[in-house]
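Visitor: I have a protein chain open in my viewer and would like a guided tour. Could you take my questions one at a time?

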Amino acid sequence: NEYKSYLRMIPCLSWIARGVADEDPLVLELGANEIADLIATTQKNLEISEGQGSEDEGNDEMVESKGGGGEGDDDNDDDDDMKEFNMDDYDKEEGDVQKNMLGAGLSGIAYYTDPKNDPYITLPEAVNDEDEKEDYKVRLADNLICCSKIEEDLSTLEVHIWNQDEEDFYVHHDILLDTLPVSLAWTNFDVGYTVEDGVPRAKGNYVIVGSMTPQIEIWDLDIINTSEPVGFLGERRKPSKKKPKVGKKGHSDAVMSLAWNHHTETVLASGSADHHVLLWDLEHQTAKECLTTHKNKVQSLAWHLAEPTTLLSGGYDAACAVTDCRTGSSRTWMLDDEIQQVIWSTGSPFVFLAATQSGNIYGVDIRNADKTLYTIAAHDDEVAGLALTRNIPGLLASCGGDEIVKIWDISGDKPSFVISKEFSDNGALNCLSFCPDYDTMLAVGGIKGGLAIWDPAVNKTFRTHFNIPDQ
């Protein structure tokens, strides 16, 4: 019960710049067969996600991923699924009964085989197709915010719309997951592209999801009502203490951190509870390199803003490491406690910041291996999130387990406190990020209350300090 009380949270989030999303996303309609397959596959995957069975018996046991057909499948599987969920009678109104879905993303949710009989659905029977398309339309002035959400036993990706001009903020659509999502990375790289003469690879709108299972999923955010990822990295299997492997197999435990390389778009870094970092080739969906820099869980990753082969990582071993991925060589800084997040400074190519479990923020110059630049006693609990913005020099935001977002000025490597805001409705805070198109707008996620946004520029002290004109 104590554990479940914390399962109403936003573990991670990512802004998506204006003009990236498809203006008219593809809207799918799930039929009876698709619903039966989704429920059946989710139930199978749950057994692996929750690690049922002894560790010795099934460390390498796998289940088919959603949409995948294992070699051992037989022709009766679909028929069995149809019988189990009574999909032959899906369209029959008479005798319709309430059922319960099972699974990490579906546990205990009541549903009806005919939506007309669901008392919670009050939409008219006939929905105009053009009206529905208009509801899902994404305008050029819209920013998207993709966040993972865990509410008791329901796990989803929520895609929010935020429009500065119209002051809109709402959930545009969501995606049902069958695992507990703990890390996100956005990418425009189309992993589903197939070579066709004269047709270049188009840029897309995808989110890469790490979860409590070793497998990484890639979802297309321009598809509404999708039930399957467009790609997978690694295999769906029970978490174990085995060393991860390059190739198709991937991590052996939960994927706690992800970082997409904006300079080399085919490269993704993933950090895991298996103590390793894998470098993935997104085009072929295989792991190419395994980095062994850390001795405990790898909690945070960040590619250098200008050097495409330089990777920053932070782990539960209290170590921050800067690795040259061309050679595998690295330098390490030991701090006071578990590392919660690492980010590169937007003001200097030689500086990174690290947040720790003890509530401190450290500034580190990679040219000096002996000491840190500065230490900020930032929060009374862990510092869970850090965010910088490129266009306002020195502006740093932090959030922590004390339910507070704080704004700092770190200009000249002499940090000073500016303002703060309490987010009591959201509880202990997990993450925050600045909007890429509006320099002062923050998205914030905590253990409850859903996604929140805050513009510190509404505060006069903030505007005065950073020389921002009155609104």
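Visitor: Is N225 buried, partly exposed or exposed?

Guide: Happy to start there, keeping in mind that this is a predicted model. The relative accessible area of N225 is 35%. Buried means under 20% and exposed means over 50%, so with 35% N225 counts as partly exposed.

Visitor: Where is N225 placed, and what is its phi near?

Guide: N225 sits in the loop between β12 (223–224) and β13. Most residues other than glycine have a negative phi. N225 is not a glycine, yet its phi is positive, near 70°.

Visitor: Which loop holds E403, and what is its phi?

Guide: Look in the loop between β27 (395–400) and β28 (404–409), where E403 is found. E403 is partly exposed, because its relative accessible area is 24%. E403 is not a glycine either, and its phi is positive, at about 70°.

Visitor: Is G347 buried or exposed?

Guide: G347 lies in the loop between β22 (339–344) and β23 (351–356). Its relative accessibility is 71%. The cut-off for exposed is over 50%, so G347 counts as exposed.

Visitor: What separates the C-alpha atoms of G347 and R390?

Guide: Along the chain, G347 and R390 are 43 residues apart. In space, the separation of their C-alpha atoms is 7.8 Å.

Visitor: How many strands does the protein chain have?

Guide: The protein chain has 471 residues, and 52% of them count as buried. Its secondary structure includes 5 helices. The number of strands is 32.

Visitor: What share of the contacts with a separation of 6 or more is between residues 24 or more positions apart?

Guide: This question looks at how contacts are spread along the protein chain. Among contacts with a separation of 6 or more, residues 24 or more positions apart account for 51%.

Visitor: How much of the accessible surface belongs to carbon and sulfur atoms?

Guide: The protein chain has an accessible surface of about 22300 Å². The part that belongs to carbon and sulfur atoms is 45%.

Visitor: Which strand gives the most residues to the largest nonpolar core?

Guide: The largest nonpolar core has 33 residues, and those touching the most other members are C146, L157, V207, L268 and L282. Elements that give two or more residues to this core include β6 (142–151), β7 (154–163), β10 (206–211) and β16 (277–281). The one that gives the most, with 4 residues, is β10.

Visitor: What does V207 touch beyond four places away in sequence?

Guide: V207 belongs to the group that touches the most other core members. Two others of that group, C146 and L157, are among the residues that V207 touches. The full set is C146, L157, L184, A185, W186, E217, I218, W219 and L221.

Visitor: How many residues are in the second, separate core?

Guide: Among the members of this core are A397, C399, A452 and A457. It is separate from the core just described, and its number of residues is 20.

Visitor: Is S148 buried or exposed?

Guide: S148 is found in strand β6. Among its contacts, leaving aside neighbours within four places in sequence, are M9, I10, P11, C12 and L157. With a relative accessible area of 0%, S148 is buried.

Visitor: Which backbone oxygen does the side chain of S252 reach?

Guide: S252 is in the loop between β13 (231–233) and β14. Its relative accessible area is 0%, so S252 is buried. Its contacts beyond four places in sequence include P214, R237, K242 and D274. At 2.4 Å, its side chain reaches the backbone oxygen of K242.

Visitor: And which backbone oxygen does the side chain of S272 reach?

Guide: S272 is in strand β15 (residues 267–272). S272 is buried, because its relative accessible area is 0%. Its contacts beyond four places in sequence include H251, A254, M256 and K297. At 2.7 Å, its side chain reaches the backbone oxygen of A254.

Visitor: What is the volume of the largest cavity?

Guide: A search of the whole structure finds 1 cavity of 30 Å³ or more. Its lining includes A21, D22, H172, H173 and L221. The volume of this cavity is about 40 Å³.

Definitions and conventions: Residues are numbered from 1 along each chain as its sequence is written. This is a predicted model: local features need pLDDT of at least 70, side-chain atom pairs count only at pLDDT 80 or more; totals for chains, interfaces and linings use all residues. Side-chain values use heavy atoms; hydrogens and water are left out. A nonpolar core is a set of buried Ala, Val, Leu, Ile, Met, Phe, Trp, Tyr and Cys residues joined through side-chain atoms within 4.5 Å. Buried means under 20% relative accessible area, exposed over 50%, partly exposed in between (1.4 Å probe, protein chains only). Contact means heavy atoms within 4.5 Å. Accessible areas come from the Shrake-Rupley method with a 1.4 Å probe; for residues, only the protein chains shown count as cover. A polar contact is a pair of N or O atoms within 3.5 Å; within protein, one must be able to donate a hydrogen and the other to accept it, and residues adjacent in sequence count only if both atoms are side-chain atoms. On a 1 Å grid over the protein atoms alone, a cavity is a set of points where a 1.4 Å probe fits but cannot get out, and a pocket is an open set with protein on both sides within 12 Å along at least five of seven lines; lining residues have an atom within 4 Å of a point. Grid points are joined across faces, edges and corners, and a volume is the space filled by probe spheres set on the points.
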